[in-house]
Amino acid sequence: MHSGYPIMCHLDSVKELVNIKHMQVNGLWGPIHELGHNQQRAGWEVLPHTTEATCNLWSIYVHEKVLGIPRVRAHEELQMQRCKKRINHYLGKGAQLNDWNVWTALETYLQLQEAFGWEPFIQLFYEYQTKSNIPTDNPSKMNLWSEKFSMQVKKNLVPFFVAWSWPIKGEVSKKLASLPNWDKNPMKKM
């Protein structure tokens, strides 16, 4: 499969798209992943790192909210032991942004989602649709996202993003310093 309008697939994959019973039992990862690509926007994508990561936010949302399938069953890469191993491997190699992609990049967003729910994402994605003057370089986009997400949840998320090797600028750190610390930051335990 690949994204297109709305997606392209071989005839063998049609059962995933039209058979409700099949969807409820096996999930719908492939098609929703591809539809997720159609939802990605340049303003909050960190290319090439998040190309195959943030599209999966929609896969997880649809599995959990529409199909009632928990993420650990929706895709084997979302099982707890794999997530922990992936994060530990990333941190063990020195948390280099070059290694922050696909499932590792998705972990960053999922830790935020697990802590704060889907609503901050929904609000930010809506805001980004109408926002102008969005920076085009990755560091500025990452700083804008960390600032916007922090303001959305009313927590200083700078230590969280820094642990993931996001290049947070001093002025963003200062701006967010007045917000309460995120005491449950999962990256503090790592």
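**Note on helix packing, core and local backbone geometry**

1. The axes of helix 8 and helix 9 come within 10 Å and cross at roughly 130°, in what is a predicted model. Helix 8 and helix 9 are therefore oblique to each other, since an angle has to be over 145 degrees to count as roughly antiparallel. The crossing of this pair, helix 8 with helix 9, is right-handed. On the helix 8 side the contact is made by Pro120, Phe121, Gln123, Leu124, Phe125, Glu127 and Tyr128, and these meet Leu144, Trp145, Lys148, Phe149, Gln152 and Val153 of helix 9. Sorted by class, the residues in the contact of helix 8 with helix 9 are nine nonpolar, two polar and two charged.

2. A second packed pair consists of helix 4, residues 55-66, and helix 7, residues 102-116, which meet at an angle of about 60° with their axes 10 Å apart. That angle makes helix 4 oblique to helix 7, because the range for roughly perpendicular is 65 to 115 degrees. Helix 4 and helix 7 cross in the right-handed sense, and the contact is made by Asn56, Leu57 and Ile60 from helix 4 together with Trp103, Leu106, Tyr109 and Leu110 from helix 7. Of the residues in the contact of helix 4 with helix 7, six are nonpolar and one is polar, while no charged residue takes part.

3. Helix 7 also packs against helix 6, at an angle of about 110° and with the axes 10 Å apart. Helix 6 and helix 7 are therefore roughly perpendicular to each other. Here the contact is made by Cys83, Arg86, Ile87 and Tyr90 of helix 6 and by Trp103, Thr104, Glu107 and Gln111 of helix 7. By class, the contact of helix 6 with helix 7 has four nonpolar, two polar and two charged residues. Trp103 of helix 7 is listed in the contact with helix 4, and Trp103 is listed again in the contact with helix 6.

4. In soluble globular proteins, nonpolar side chains tend to be buried together. In this model the largest nonpolar core holds 46 residues, of which Trp100, Phe121, Trp145 and Trp166 touch the most other members. The elements that give two or more residues to this core are helix 3 (29-39), helix 4, helix 6 (80-92), helix 7, helix 8 (119-130), helix 9 (138-153), helix 10 (158-163) and helix 11 (170-176). Helix 7 gives the most to this core, with six residues. Phe121 and Trp145, which are among the residues that touch the most other core members, also belong to the contact of helix 8 with helix 9.

5. Which residues does tryptophan 166 touch, not counting those up to four places away in sequence? They are Leu97, Trp100, Thr108, Tyr109, Met142, Trp145, Ser146 and Phe161. Among these partners, Trp100 and Trp145 are themselves named with Trp166 as touching the most other members of the core.

6. Threonine 50 is found in the loop between helix 3 and helix 4. At 0% relative accessibility, threonine 50 counts as buried, because the cut-off is under 20%. Leaving aside its neighbours within four places in sequence, threonine 50 is in contact with Gln40, Glu45, Trp100, Ala105 and Tyr109. Two of these, Trp100 and Tyr109, also appear among the residues that tryptophan 166 touches.

7. Most residues other than glycine have a negative phi, and most peptide bonds are trans; the following places deserve a look with that in mind. A cis peptide bond, with omega about 5°, joins leucine 47 and proline 48, and proline 48 lies in the loop between helix 3 and helix 4. Asparagine 133, a residue other than glycine, has a positive phi near 60°; asparagine 133 lies in the loop between helix 8 and helix 9 and is exposed, with a relative accessible area of 75%. Serine 165 likewise has a positive phi, near 75°, and is found in the loop between helix 10 and helix 11, where serine 165 is partly exposed at a relative accessible area of 23%.

8. Towards the start of the chain, valine 14 is found in helix 1, residues 14-18, and is partly exposed, with a relative accessible area of 30%. The C-alpha atoms of valine 14 and proline 31, which are 17 residues apart along the chain, are separated by 9.7 Å.

Definitions and conventions. Residues are numbered from 1 along each chain as its sequence is written. This is a predicted model: local features need pLDDT of at least 70, side-chain atom pairs count only at pLDDT 80 or more; totals for chains, interfaces and linings use all residues. Side-chain values use heavy atoms; hydrogens and water are left out. Axes are lines fitted to C-alpha atoms, for helices over the stretch in contact, and angles run from 0 to 180 degrees between N-to-C directions. Helices (H or I, at least four residues) and strands (E, at least two) are DSSP runs, numbered from the N terminus. Angles under 35 degrees count as roughly parallel, over 145 as roughly antiparallel, 65 to 115 as roughly perpendicular and the rest as oblique. A crossing is left-handed if the near helix is turned anticlockwise from the far one by less than a right angle, and right-handed if clockwise. Contact means heavy atoms within 4.5 Å. Ala, Val, Leu, Ile, Met, Phe, Trp, Tyr, Cys and Pro count as nonpolar, Asp, Glu, Lys and Arg as charged, and the others, Gly among them, as polar. A nonpolar core is a set of buried Ala, Val, Leu, Ile, Met, Phe, Trp, Tyr and Cys residues joined through side-chain atoms within 4.5 Å. Buried means under 20% relative accessible area, exposed over 50%, partly exposed in between (1.4 Å probe, protein chains only).
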